[in-house]
Amino acid sequence: MTATIAPLTERPAWKALEAHYQQVRQVHLKQLFADDPRRGERFTAEAAGLYLDYSKNRITGETLKLLVQLAEDSGLRARIDAMFRGEKINLTEKRAVLHVALRTPRGVSIRVDGQDVVPEVHAVLDKMSDFANRVRRGAWLGHTGKRMKNVINIGIGGSYLGPEMAYLALRPYSERAMTFRFVSNVDGANFTEATHGLDPGETLFVISSKTFTTLETMTNAQTARQWLIQGLGREDAVAKHFVAVSTNAREVQKFGIDTANMFGFWDWVGGRYSMDSAIGLSTMLAVGPENFREMLAGFHAMDEHFRTAPFEQNLPALLGLLTVWYNNFFGAQTVGIMPYTAYLARFPAYLQQLQMESNGKHVDLETRRPVSYETGPVIWGEPGTDGQHSFYQLIHQGTKLIPCDLIGFCQPVSPLARHHDLLMANLFAQAEALAFGKTEEELTAEGSPAFQTPFRVCEGNRPTNVILAESLTPRSLGSLVALYEHNVFTQGAIWNIDSFDQWGVELGKVLAKRIIPELESASDPGLNHDSSTNALIRRYRRLRTGAQG
């Protein structure tokens, strides 16, 4: 990782893409399909149980060739190899980036600072499995001798979004006799609703915080501690109803949790890449150790594909390069993620953190200066078919270009098979409609009233990727998440940014710690913010005091 990479806009493939874009930017997908009857078969790739149809993108064979060349000019292969070797590619924090080690099979060696980390990973997985089995079969009893029927995961960011998304995605595999809830927001309403109607004697809290000092998580954890003690009447009950996912044994012990019930992870695991580490303990409690390991197998299959496949057949690399194509040449500001399954309702939210926290950066790694081009797009979305009756109107007929990923599964989870046929028919129809639209001539031939016709025209030429799996299983979920992890990696490598730090998250936290005592002070504190913030704080204090009075 010592070779200097040329600035992005000076790379030969970038300059070739700029010229190529001028040639193809007005070409319609209708023309591309008409010119190549086998386009829908040629522009596809398949790996790790996932099938990618990227034929409905505004690209030609030459586009693909140039994008692959851009990946090579950008040193993508060297960066991939460096990550898998355990090199410290998170340069600003001087850390390795080894979420791939979390799903590496036993016996494979990955070293960080000369130490093989894979045995440690499996030791934690084994400890998690033993604990999950005891809870699930009723061998782990609470302070009053009751078995645990309720699990509440308390975390924020990567310590929350991944576990909640995975639990909802894998509900059909979960232990239905148990209730799983997730608390992240420091808004007290989140905790109040999560514990509503639950028996403290049957409730287990999983506190997920690497440092065990995160403000939101520890505020909720202390509230949970008080709720439990108030319900059971004894402080020593905490040890039987709380476990920790953390690296800070001292703070865990101070909280009242037995460090034997602390599950660790490492500084080479970024929060948004941690759902398959001990952070996924609540997921394992829900679906069981065997299903959790199946999910890890799906992750690993995609890891190996990303590590070894040529870029022109490499699913994550292709998705990342297409994002660069639209982001940097077409000026597309966003990417829509539309899973056609209700079980992936939280998947777009999960990808918001994964992609936007990773690639929402503005400093070039080589020069340490602001970049002169756009980096990460805004990620958003909702499940189909809900979105079709909400925002698809704008995608079809609005003035913004919004590339979309449509994700579907060929086999239904629900026994209502006809529902699934209708669902998938909509996925395929939307991809077709977005690509080809409907012209004024076609509408007139169909008998559209003349006064309506201009308003009914859909221009088409809206790009989509269609991602299909056989069914939504733990393994396919792992493959899908790893697909997007490495998609993000690809984008960051092209833009030459650090996809693994998140310094922008820290500033607001620092300011909040300064403002908290100013809100809680009994007297009017001297304020030294800007005039807007000062006025907002004073208004809040006045109205809050009035409400309490």
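So, P339: look across from P339 and you find I407 in strand 12 standing opposite. That pair belongs to a parallel pairing, where 4 bridges join strand 10, residues 334–339, to strand 12. Before I go on, keep in mind that this is a predicted model.

Okay, let's stay on strand 12, which covers residues 404–409. How many of its residues are buried? The count is 6 of 6, so to speak a mostly covered strand. You can see both sides of strand 12 if you turn the model: C404, L406 and G408 point one way, while D405, I407 and F409 point the other way, and all are buried. Strand 12 also has strand 13, residues 464–469, as a partner, and those two pair in the parallel sense over 6 bridges. If you want one spot to click on there, take D405, whose bridge partner in strand 13 is N465.

A quick reminder for anyone new to this: strands of a sheet pair through backbone hydrogen bonds, and they can do it parallel or antiparallel.

For the antiparallel case, go back to strand 1, residues 44–47, and strand 2, residues 50–53. These two pair in the antiparallel sense over 4 bridges, and T44 has D53 as its bridge partner in strand 2. Together strand 1 and strand 2 make a hairpin with 2 residues between them. One residue in that turn, A48, has a positive phi of about 50 degrees. Which residues of strand 1 sit on the covered face, and which on the uncovered one? A45 and A47 are on the covered face, and T44 and E46 are on the uncovered one.

Next, an open sheet. It has 5 strands, in the order 6-5-7-8-9, with parallel pairing. The edges are strand 6 and strand 9, residues 262–263, and each of those pairs on one side only. Strand 5 and strand 6 share 5 bridges, again in the parallel sense, and V151 stands opposite F180 in strand 6. Now look at helix 9, which lies across strand 5, strand 6, strand 7 and strand 8, and runs at about 160 degrees to strand 7.

Helix 8, residues 188–195, belongs in this part of the talk too. Its buried residues are F191, A194 and T195. Looking down the axis of helix 8, those buried residues fall within an arc of 85 degrees, so they line one face of the helix. What do they pack against? Strand 5, strand 6, strand 7 and helix 9. After helix 8 comes G197, with a positive phi near 80 degrees.

Two more stops. When two helices pack, we describe them by the angle between their axes and the distance between the axes. Take helix 5, residues 76–85, and helix 20, residues 474–495: their axes come within 10 Å and cross at roughly 125 degrees. That angle makes helix 5 oblique to helix 20. On the helix 5 side, the contact is made by L76, R79, I80 and M83, and on the helix 20 side by H486, F489, T490, G492 and A493. The crossing of helix 5 and helix 20 is right-handed.

Last one: N90, which sits in the loop between helix 5 and strand 3. Is N90 buried or exposed? It counts as buried, because its relative accessibility is 3%. Setting aside neighbours within four places in sequence, N90 is in contact with R95, V97, D498, F500 and D501.

Definitions and conventions
Residues are numbered from 1 along each chain as its sequence is written. This is a predicted model: local features need pLDDT of at least 70, side-chain atom pairs count only at pLDDT 80 or more; totals for chains, interfaces and linings use all residues. Side-chain values use heavy atoms; hydrogens and water are left out. Buried means under 20% relative accessible area, exposed over 50%, partly exposed in between (1.4 Å probe, protein chains only). The arc is that of the directions from the helix axis to the C-beta atoms. Contact means heavy atoms within 4.5 Å. Two strands pair if DSSP finds at least two bridges between them. Axes are lines fitted to C-alpha atoms, for helices over the stretch in contact, and angles run from 0 to 180 degrees between N-to-C directions. Angles under 35 degrees count as roughly parallel, over 145 as roughly antiparallel, 65 to 115 as roughly perpendicular and the rest as oblique. A crossing is left-handed if the near helix is turned anticlockwise from the far one by less than a right angle, and right-handed if clockwise.
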